[in-house]
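Subject: Structure handover and notes

Hello,

Here is the structure for your files. My notes on it follow below.

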Amino acid sequence: MTTAPLSPSPRTSVTRGRDRAVTDRAELHALLADGLVAHVGVDVGDHPVVLPVAYAVDLEGPDEDGTLYIHGSVAARWLTRSEGSTVCVTVTELDGLVAARSAFHHSMNYRSAVVIGRARIVTDPDEKAHALTLTVDHMVPGRAATLRPHTRKEVAATSVLAVPLHEASLKVRAEGPVDDPEDVAAGVWGGVIPVRRVAGAPEPAPESAADPVPADVVRRAEALA
């Protein structure tokens with residue numbers, strides 16, 4: 001696993017709130033493993049767009065310091081126009097709402113990663129199938145092994161964008177309100193409302209109503225409960 005600096009260039013160096021910057025790549029990898037949705041920002045020519053996407057990570061991937069894979073459709077204009085261009089991918093997890101003693105000091109507890117890099121469209125069929133398998137397993141670990149292999153038609157109908165993990169930044173806030181002493185002395189309540197992602201019990205499709213819920217789905221639901 002790479003030990004390269006997390007923010008090797010000025011464009012990913014944290015300048016505001018430096019005390020919340022995290023430089024350990026292992027922490028970046030942990031957040032990417034924990035998150036479920038990424039947002040990718042691209043320039044489609046006449047305007048920028050930021051879109052939510054499914055993603056997966058291969059720390060041993062072919063790109064510098066590992067590969068972030070983004071799932072999309074071959075018909076997606078934003079994805080096809082991203083080839084060779086620089087894109088920005090963010091993954092954020094909200095951990096708490098911070099209620100301070102003044103409006104100015106209200107905040108949120110969060111973990112937020114920004115990855116910037118030159119994107120490439122994955123054309124190798126084996127790499128693309130590997131990326132799609134990783135994406136499925138990112139949603140439900142172990143799920144891909146229980147499914148039939150991808151067909152050539154399915155692989156051809158899906159686009160995958162690869163972004164190097166080389167250039168990234170990570171910020172974390174995990175504390176209570178930071179208030180001025182006079183506001184604390186005024187006696188107004190301050191604190192944190194914890195926020196976490198919670199999954200419900202698996203709901204079978206009508207055709208699977210009589211079937212037992214597979215172990216991989218049960219484990220995933222329990223892990224998110």
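How much area does the protein chain expose, and what share of it do carbon and sulfur atoms supply? The exposed area is about 12,700 Å², and carbon and sulfur atoms supply 58% of it. Please keep in mind that this is a predicted model.

Overall

The protein chain has 225 residues, of which 36% count as buried. Its secondary structure consists of six helices and 10 strands. The C-alpha trace spans about 65 × 50 × 40 Å along its principal axes. Among contacts with a separation of 6 or more, 74% are between residues 24 or more positions apart.

Cores

The largest nonpolar core contains 27 residues. Within this core, Val40, Ile70, Trp78, Val89 and Val163 have the most contacts. Outside its neighbours within four places in sequence, valine 40 touches Val49, Val50, Leu51, Val53, Ile70, Trp78, Val87, Cys88 and Val89. There is also a second, separate core of six residues, and Tyr69, Val122, Ala131 and Leu132 are among them. As background, nonpolar side chains in soluble globular proteins tend to be buried together.

Helix H1

H1 covers residues 25-34, and its buried residues are Arg25, Leu28, His29, Leu31 and Leu32. Viewed down the axis of H1, these buried residues fall within an arc of 160°, so they line one face of the helix. They pack against strands S3 (55-58), S5 (86-99), S6 (107-118) and S9 (168-173), and against helix H3 (125-139). The N-terminal end of H1 is capped by aspartate 24, with a side-chain oxygen 2.9 Å from the backbone nitrogen of alanine 26.

Valine 37 sits in the loop between H1 and strand S1 (38-43). Valine 37 is partly exposed, at 42% relative accessible area. Apart from its neighbours within four places in sequence, valine 37 is in contact with Pro52, Val53, Tyr55, Thr90 and Val91. Valine 37 and serine 169 are 132 residues apart along the chain, and their C-alpha atoms are separated by 17 Å.

Helix H3

H3 has 15 residues and reaches 22 Å from its first C-alpha to its last, close to the 21 Å expected at 1.5 Å a residue. Its buried residues are Glu127, Lys128, Ala131, Leu132, Thr135 and His138. Down the axis of H3 they fall within an arc of 140°, so they line one face of the helix. The face turned away from this buried side carries the exposed residues Pro125 and Asp126. Aspartate 124 caps the N-terminal end of H3, where a side-chain oxygen lies 3.2 Å from the backbone nitrogen of aspartate 126.

Valine 136 is also found in H3, and is partly exposed with a relative accessible area of 25%. Setting aside neighbours within four places in sequence, valine 136 is in contact with Arg143, Ala144 and Leu147. Valine 136 and tyrosine 55 are 81 residues apart in sequence and 9.0 Å apart in space, C-alpha to C-alpha.

Helix H6

In H6 (residues 215-224), Asp216, Arg220, Ala221 and Leu224 are buried. Seen down the axis of H6, the buried residues fall within an arc of 130°, so they line one face of the helix. These buried residues pack against H3. Arg219 and Glu222 are exposed, on the face of H6 turned away from its buried side.

Two acidic residues in loops

Is aspartate 65 buried or exposed? Aspartate 65 counts as buried because its relative accessibility is 15%, and the cut-off for buried is under 20%. Aspartate 65 lies in the loop between S3 and strand S4 (67-73). Its phi is near 65°, a positive value in a residue other than glycine. For reference, most residues other than glycine have a negative phi.

Glutamate 167 is in the loop between strand S8 (158-164) and S9. Glutamate 167 is buried, with a relative accessible area of 9%. Which residues does glutamate 167 contact, leaving aside its neighbours within four places in sequence? They are Leu6, Pro8, Ser9, Arg11, Thr12, Arg25, Val114, Val115 and Ile116. Of these contacts, Arg25 is also one of the buried residues of H1.

Regards

Technical notes
Residues numbered from 1 in each chain as written. Predicted model: local features only at pLDDT ≥ 70, side-chain atom pairs only at ≥ 80, totals over all residues. Heavy atoms only, no water. Buried < 20%, exposed > 50% of the residue type's maximum accessible area, 1.4 Å probe, protein only. Helix = DSSP H or I, 4+ residues; strand = E, 2+ residues; numbered from the N terminus. Arc of directions from axis to C-beta. Contact = heavy atoms within 4.5 Å. Polar contact = N/O pair within 3.5 Å; in protein donor to acceptor, adjacent residues only side chain to side chain. Expected span 1.5 Å × (residues − 1). Areas by Shrake-Rupley, 256 points an atom, 1.4 Å probe, with all protein chains shown as cover. Core = buried A, V, L, I, M, F, W, Y, C linked by side-chain atoms within 4.5 Å.
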